[in-house]
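Let's take a walk through this one together, a piece at a time. Have the sequence and the model side by side as you read.

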Amino acid sequence: MEKNGKIFIQIASYRDPELLNTIKDCIEKSDNPQNLVFGLCWQHSKDDKWDNLDEYLDDPRFKIVDVDFKESKGACWARNSLQQQYDGEQYTFQLDSHHRFIEGWDTELINMLEGLIEKGHKKPLTEPVPARFYSAHFAFSLGSFVEEVPHDPEYYFHGEEISIAVRAYTHGYDLFHPHKIIAWHEYTRKGRTKQWDDDKTWGNKNSNSHLRNRKLF
């Protein structure tokens with residue numbers, strides 16, 4: 001893997017009014033914004049006038065998978081689709097589309113990761129405090145993680161983090177929790193449309209995810 005210093009930022013967004021603010025804050029708070037590469041699965045409705053990425057369409061740092069919200073098949077499908085845009089970036093950072101960041105977040109995360117590698121953890125996933133679980137809303141690791149432990153597009157939502165945690169472990173990754181605050185996550189998203197609000201068949205898809213997880217384990 002080339003040591004190019006680039007970070008492949010993975011964001012699957014579904015009709016989220018915070019997407020633009022998240023992108024802007026991510027860039028503004030970065031020490032090296034020229035090294036950021038955004039892989040976006042942009043699931044949007046033409047009725048949502050605030051959900052507009054026009055200013056980034058010609059930005060070479062952005063790789064946008066443009067999806068009409070009615071064609072979405074869920075979070076894991078969306079995350080897998082944007083992962084196809086990975087192109088050898090040295091690091092990867094998976095996020096939800098509603099975050100705010102500390103100043104220099106990119107330097108902090110790279111220093112954490114490289115520090116763990118120096119300690120003998122060849123494939124660390126985030127930082128210092130040993131962890132048992134994986135969180136899909138915040139995960140920083142080597143770029144190769146995208147190819148070695150991709151999201152399973154056959155999952156809908158429930159079970160994705162359990163699946164990835166186990167698959168990460170069997171691929172040699174060690175999981176860690178950050179030892180300092182890097183970002184803030186708006187978790188509730190009250191009053192905002194979610195994919196399962198628009199998709200009346202989500203229950204069947206979710207049941208299939210549970211079955212797929214039981215087979216995996």
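**A guided tour**

Just past helix α5 you'll find G172, which takes a positive phi of about 90°. Keep in mind that what you're looking at is a predicted model.

Now step back into α5 itself, which spans residues 160-170. Which of its residues are buried? They are E160, S163, I164, A165, R167 and A168. The cover over them comes from several places, including the helices α2 (75-83), α4 (145-148) and α7 (202-216), along with the strand β9 (174-177).

Strand β9 is a handy link to the next stop, an open sheet of three strands. Its order is β6-β9-β7, and the pairing is mixed. The strands β6 (124-126) and β7 (129-130) sit at the edges with a single partner strand each, so one side of each has no neighbour in the sheet. Strands in a sheet pair through backbone hydrogen bonds, and they can do that parallel or antiparallel. For β6 and β9 the sense is parallel, over three bridges. If you'd like one pair to look for, T126 has F176 in β9 as its bridge partner. Lying across both β6 and β9 is α3, which runs at about 155° to β6.

Helix α3 (105-118) turns up again when we look at α1, as part of what covers that helix's buried residues. How many of the ten residues in α1 (19-28) are buried? Seven of them are, so to speak, tucked under cover, and the helix counts as mostly covered. The buried ones are L19, L20, T22, I23, D25, C26 and I27. Besides α3, what covers them includes the strands β1 (7-14), β2 (36-44), β3 (62-68) and β5 (99-101).

Another pairing to pick out is the one between β4 (residues 91-95) and β8: they run antiparallel and are joined by five bridges. Across that pairing, Q94 stands opposite A139 in β8. Strand β8 (residues 138-142) has five of its five residues buried, so the rest of the structure largely encloses it.

Last, the cysteines. How many disulfides does a search of the whole structure find? The count is zero. C26, from helix α1, is in no disulfide, and the nearest cysteine sulfur, that of C41, is 17 Å away. C76 is in no disulfide either, and its nearest cysteine sulfur, again that of C41, is 12 Å away. As for accessibility, C26 counts as buried because its relative value is 1%, and C76 counts as buried at 1% too.

How values were computed:
Residues are numbered from 1 along each chain as its sequence is written. This is a predicted model: local features need pLDDT of at least 70, side-chain atom pairs count only at pLDDT 80 or more; totals for chains, interfaces and linings use all residues. Side-chain values use heavy atoms; hydrogens and water are left out. Buried means under 20% relative accessible area, exposed over 50%, partly exposed in between (1.4 Å probe, protein chains only). Helices (H or I, at least four residues) and strands (E, at least two) are DSSP runs, numbered from the N terminus. Contact means heavy atoms within 4.5 Å. Two strands pair if DSSP finds at least two bridges between them. Axes are lines fitted to C-alpha atoms, for helices over the stretch in contact, and angles run from 0 to 180 degrees between N-to-C directions. A disulfide is a pair of cysteine sulfur atoms within 2.5 Å.
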